[in-house]
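Reader: Hello! I am new to this structure and would love a close look at one part of it, the big sheet and the strand in its middle. Could you walk me through that part slowly and then show me how the rest is arranged around it?

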Amino acid sequence: MTIQIAGAGPAGLAAAITLARAGREVVVHEARREVGYRFGRDLQGLENWTVGQDVIAELEALGLSTAFAKLACTRGTVYDAQGRARLVESKAPILYLVERGPGPGSLDTALLAQALALGVTVRFGSRLERLEAPAVLAAGPKAADVIAVGYHFDTAMPEGFRVICDDALAPQGYAYLLVMRGKGTVKSCMFSGFKSEQVYVERTVEAFRRLAGLEMRDARPHGGIGNFRVPASAQAGERPVAGEEAGFQDALWGFGMRFAMRSGVLAARALIEGKDYDALWRRELEPWLRTSIVNRALYGVLGNRGYAWFLRRAASADAREFLRRHYRPSWLKRALEPWARRRYRSRRADASCDPVDCSCICRCGGILSAE
Ligand SMILES: Cc1cc2nc3c(=O)[nH]c(=O)nc-3n(C[C@H](O)[C@H](O)[C@H](O)COP(=O)(O)OP(=O)(O)OC[C@H]3O[C@@H](n4cnc5c(N)ncnc54)[C@H](O)[C@@H]3O)c2cc1C
């Protein structure tokens, strides 16, 4: 029986690839006319700190293509609100810069090519309203818990990442500048203050001009939303929900690609092996998702002086190891979780809602109704 997938993002394509490798017939429905449409040429960081295994090795072990352009960053520059620069370094990559969207060498293009080579059918321009099992739902975020807004541009600046932690630029978040292969992305990634987004974007651009010599050619505005939560269940009836549609994403800083691909693979395995998807993601993802919620709540109370202290600590240690320690599930993080959950709620209407019987379709988790 053909398995249908809603969404050709990293989660949906990872599920499609895993199913096709197991010999299943798969059709992916993508609402947009091309892969990675909402990101068109965005540069993003594939984080390499939530778990010990290198993320590229992990993707290979999961059977996913890594034939995309990537820049392994073992160092980067971080600035506090006073403009003090610090070098953060690690002996292993802290993150890998990758390009998103339909362009050559992008992560999305590599996953799409792999899926097509395995015989997966991808229907572009196919926006689903409902989807019967057997299926995987992977249609992306459903609410804005975070927004990242700024510009894409061409540049001759040196490659790498720079970050500024300053509430005047990105409330409770961070401003970032990424450069790879002559392309750049500058963004304010904010967790509140969305109504003044343009003010924060312009302050971010000005700060990077002053601190890092930001130089933009052919700048085009770009932005998007992110959604994170630990769902009560990521199973819509018999259909596993993967990636950001389930809310799977790092809540501290909004890194979602790794969780999206891992959950897509788990969703496929659940269908292939007849396993309980909720049990799989609870074992493989939930401890880190929960820790990231606690990290988010803690970061949210730091303020500019706290960020400066945090950056100082990160710069005085191996940065990857430092971050990994903060993601390691521990009794302390578990003890703080009730407090963190009170402080930090997803903007989705009801985090415990089971989308299968839900009438308020798009706010509770599933745009795709079962009836
Ligand atoms: C500006 C920005 C910067 C980011 N930076 C980073 C970063 O640096 N590192 C990182 O790890 N993460 C980052 N993220 C988050 C990351 O992009 C997402 O977590 C990741 O793309 C989620 O993958 P997904 O497959 O779950 O959803 P998506 O990538 O959103 O894919 C879902 C797909 O489903 C399609 N779709 C939607 N509705 C339907 C429908 N009804 N029928 C058919 N198809 C449908 C959409 O068109 C889309 O292609 C960023 C996000 C934003 C917005």
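Author: Happy to! A residue is called buried here if 20 or more other C-beta atoms lie within 10 Å of its own. Keep that cut-off in mind, because seven of the seven residues of strand β12 (residues 174-180) are buried, so β12 is largely enclosed by the rest of the structure. Please also remember that what you see is a predicted model.

Let us stay with β12 for a moment. Both of its faces are covered. On one side you will find Y174, Y176, L178 and M180, on the other A175, L177 and V179, and all of these are buried. For comparison, 51% of the 371 residues of the chain count as buried.

Now to the sheet that β12 belongs to. It is an open sheet of seven strands, and their order is β6-β5-β11-β12-β13-β10-β14. The pairing in this sheet is mixed. At its edges are β6 (85-89) and β14 (217-226), each of which pairs on one side only. Between neighbouring strands the turn is 20° on average, if direction is ignored.

From β12 we can step outwards both ways. On one side is β11, which pairs with β12 in the antiparallel sense over five bridges. In that pairing, A175 of β12 has I164 opposite it. On the other side is strand β13 (residues 183-190), joined to β12 by seven bridges and also running antiparallel to it. Here A175 turns up again, since its bridge partner in β13 is S188. If you follow the chain from β12 into β13, you pass through a hairpin with two residues between the strands. In this hairpin, R181 takes a positive phi near 50°.

Let us go on past β13. The next strand is β10 (residues 146-154), which is joined to β13 by eight bridges and runs antiparallel to it. S188 is a handy landmark here: in β13 it stands opposite V149, and it is also the bridge partner of A175. Strand β10 is mostly covered, with seven of its nine residues buried. Beyond β10 comes the edge strand β14, and these two pair in the antiparallel sense over eight bridges. One place to find this pairing is V146, which stands opposite G226 in β14.

Now go back to β11 and step the other way. Its partner there is strand β5 (residues 75-79), and the two strands, with β11 spanning residues 160-164, pair in the parallel sense over three bridges. You can locate this pairing at V78, whose bridge partner in β11 is V163. At this end of the sheet, helix α7 (residues 286-315) lies across β5 and β6. The helix runs at about 45° to β6.

The edge strand β14 also leads us to the ligand. Around the ligand are 38 residues, and the closest of them are G9, G140, G224, G243 and G256. The elements that give two or more residues to this shell are α1 (10-21), β2 (26-30), β3 (43-47), β14 and α5 (257-273). Of these, β14 gives the most, with four residues. Sorted by class, the shell holds 15 nonpolar, 14 polar and nine charged residues.

Another name in that shell, β3, takes us to a second sheet. This one is open too and has three strands in the order β3-β7-β4, with antiparallel pairing. Its edge strands are β3 and β4 (70-73), and each pairs on one side only. The twist from one strand to the next averages 30°. Five bridges join β3 to strand β7 (residues 95-99), and L43 stands opposite E99 in β7.

Finally, take a step back to see the whole chain, which has nine helices and 16 strands. Its C-alpha atoms fill a box of roughly 60 × 45 × 40 Å along the principal axes. A compact globule of 371 residues would have a radius of gyration near 21 Å, and the chain agrees with this at 20 Å. Among the contacts with a separation of 6 or more, 72% come from residues 24 or more positions apart.

Conventions:
Residues numbered from 1 in each chain as written. Predicted model: local features only at pLDDT ≥ 70, side-chain atom pairs only at ≥ 80, totals over all residues. Pairing = 2+ DSSP bridges. Axes fitted to C-alpha atoms, helices over the stretch in contact; angles between N-to-C directions. Contact = placed C-beta atoms within 7 Å. Rg over C-alpha atoms; globule rule 2.2 N^0.38 Å. Buried ≥ 20, exposed ≤ 12 C-beta atoms within 10 Å, placed from the backbone. Near = placed C-beta within 6 Å. Nonpolar A, V, L, I, M, F, W, Y, C, P; charged D, E, K, R; others polar.
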